[in-house]
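Colleague: I would like a close look at one part of this structure. Please keep it connected and explain each term as you go.

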Amino acid sequence: MLSKLATLLPLILSISAPSAAYWKGFNLPANLPSGACKTPQDWARDFSVLHSLPGDFASARLFASSDCGTLANAVPAAIAANTKLLVGVWATDNAHYEAEKTALLQAIEQHGTGWIVAVSVGSEDLYRKDASPASLASQLREVKSLLCERGACGIEVGHVDTWTAWVDPQNEDVIRACDFVGHDGYPYWEGVSVEQGLDAFHTNLEKTRGAVNRVKPGTWVWVTETGWPVTGDSFGSATSSIANAQAYWKSVACDIFQGAHAFWYTTQDFASRPSFGVLGPDFKPLYDLSC
């Protein structure tokens with residue numbers, strides 16, 4: 001009997017707490033909705049609000065490292081709030097890329113690596129055709145090497161892009177250079193109704209997974225951006241509203257948070273059109289974020 005229990009215990013544990021294995025969080029910009037750069041106090045408030053939301057979000061994705069002093073201001077606040085960061089390194093424009101690497105390495109020298117979830121080099125560069133696959137793959141390998149030189153080989157380095165970029169055979173060199181692949185998927189921008197949002201999202205996610213596993217089997221695909229706008233123009237059959245954003249959250253967010261590393265877009269962007277933010281100017285949720 002005891003031997004049977006010993007055999008079953010690992011299986012029972014894996015079934016009882018599947019979500020514990022996944023990072024879940026939000027994309028956080030370095031600027032306030034007004035356009036001003038965030039201060040250390042602003043970052044501290046961001047992380048405090050994330051922890052206060054249903055689900056207690058303890059991780060966040062940052063788009064860059066040097067812009068607005070992102071890491072210099074955000075990392076101490078994240079450490080104080082016990083929040084981990086998916087760090088962005090902007091890959092376009094050589095001067096910008098050099099500044100990004102410098103900011104990342106300085107943050108590691110000052111704070112170690114315990115605050116890092118992973119590092120993303122570039123964001124939708126292939127979709128915008130801002131970088132060639134060869135140059136982006138080289139940047140991925142360079143950042144990985146820089147981390148290894150500092151004893152941080154265990155930190156995964158990947159790239160974030162749209163599903164249309166990942167299924168393009170011309171971009172396979174980038175997949176090969178990635179430790180993980182970040183998938184951005186917005187059924188809204190494909191003109192899909194919110195009722196079809198879950199099916200459309202998963203259809204395209206599976207296309208990314210299929211392409212990645214053909215090129216580099218076993219590589220994890222993370223959901224790095226998705227969401228539905230609360231305000232803004234209609235796009236095909238997709239319409240923005242608080243009710244539709246609520247419906248998309250309930251069907252998509254509550255699903256993917258249980259089965260993938262996932263970062264929602266976004267917390268607060270009420271000055272944008274369309275606006276995808278889940279929080280109003282008072283930092284309170286615009287709709288029910290429970291699952």
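Modeller: Start with the largest pocket, whose lining is made up of 10 nonpolar, four polar and two charged residues. In this count Ala, Val, Leu, Ile, Met, Phe, Trp, Tyr, Cys and Pro are nonpolar, Asp, Glu, Lys and Arg are charged, and the others, with Gly among them, are polar. The model is predicted, so local features need pLDDT of at least 70 and side-chain atom pairs count only at pLDDT 80 or more, while totals for chains, interfaces and linings use all residues. Residues are numbered from 1 along each chain as its sequence is written, and side-chain values use heavy atoms, with hydrogens and water left out.

Rolling a probe the size of a water molecule over the atoms shows where empty space is left. The search uses a 1 Å grid over the protein atoms alone, and a pocket is an open set of points with protein on both sides within 12 Å along at least five of seven lines. A cavity is a set of points where a 1.4 Å probe fits but cannot get out, and lining residues have an atom within 4 Å of a point. Points are joined across faces, edges and corners, and a volume is the space filled by probe spheres set on them.

The largest pocket holds about 260 Å³ of space. Of its 16 lining residues, Pro-29, Tyr-265, Thr-266, Asp-269 and Ser-272 are the closest to its centre. Two of these, Tyr-265 and Thr-266, are joined by a cis peptide bond, with omega near 0 degrees. Thr-266 belongs to the segment after strand S8, and S8 itself covers residues 262–264. Helices (H or I, at least four residues) and strands (E, at least two) are DSSP runs, numbered from the N terminus.

The segment after S8 also holds Pro-274, and the bond leading into Pro-274 from Arg-273 is cis as well, with omega near 0 degrees.

Phe-276 is in this segment too. Phe-276 counts as buried because its relative accessible area is 4%; buried means under 20%, exposed over 50% and partly exposed in between, with a 1.4 Å probe and protein chains only. A contact means heavy atoms within 4.5 Å. Setting aside neighbours within four places in sequence, Phe-276 is in contact with Tyr-186, Tyr-188, Trp-189, Gly-227, Trp-228, Pro-229, Tyr-265, Thr-266 and Asp-269. Tyr-265, Thr-266 and Asp-269 were named above among the residues closest to the centre of the largest pocket.

Tyr-186 and Trp-189 lead on to the second largest pocket, as both are among the residues that line it. That pocket has about 220 Å³ of space. Its lining also includes Glu-124, Tyr-127, Asp-184, Glu-190 and Glu-225. By class, the lining has four nonpolar, three polar and four charged residues. Glu-124 is placed in the loop between strand S4 (116–123) and helix H5 (125–128). Glu-124 is not a glycine, but its phi is positive, at about 60 degrees. Its relative accessibility is 16%, so Glu-124 is classed as buried.

Return to the segment after S8, where Phe-283 also lies. Phe-283 has a positive phi as well, near 65 degrees, in a residue other than glycine. Phe-283 is buried because its relative accessibility is 18%. Phe-283 helps to line the largest cavity, along with residues including Pro-29, Asn-31, Lys-38, Asp-42, Arg-45 and Gln-268. Pro-29 was also named for the largest pocket. The largest cavity has about 70 Å³ of space, and its lining divides into four nonpolar, three polar and four charged residues. The whole structure has three cavities of 30 Å³ or more.

Last comes helix H10, since S8 is among the elements that cover its buried residues. Strand S1 (24–28), helix H9 (197–215) and strand S7 (220–225) are also part of that cover. The buried residues of H10 are Asn-244, Ala-245, Gln-246, Tyr-248, Trp-249, Val-252, Ala-253, Cys-254 and Ile-256. At Trp-249 the helix bends by about 35 degrees, the bend being the angle between axes fitted to the seven residues ending there and the seven starting there. The expected span of a helix is 1.5 Å times one less than its number of residues. H10 has 15 residues (242–256), so it should span 21 Å, and the 20 Å between its end C-alpha atoms agrees with this.
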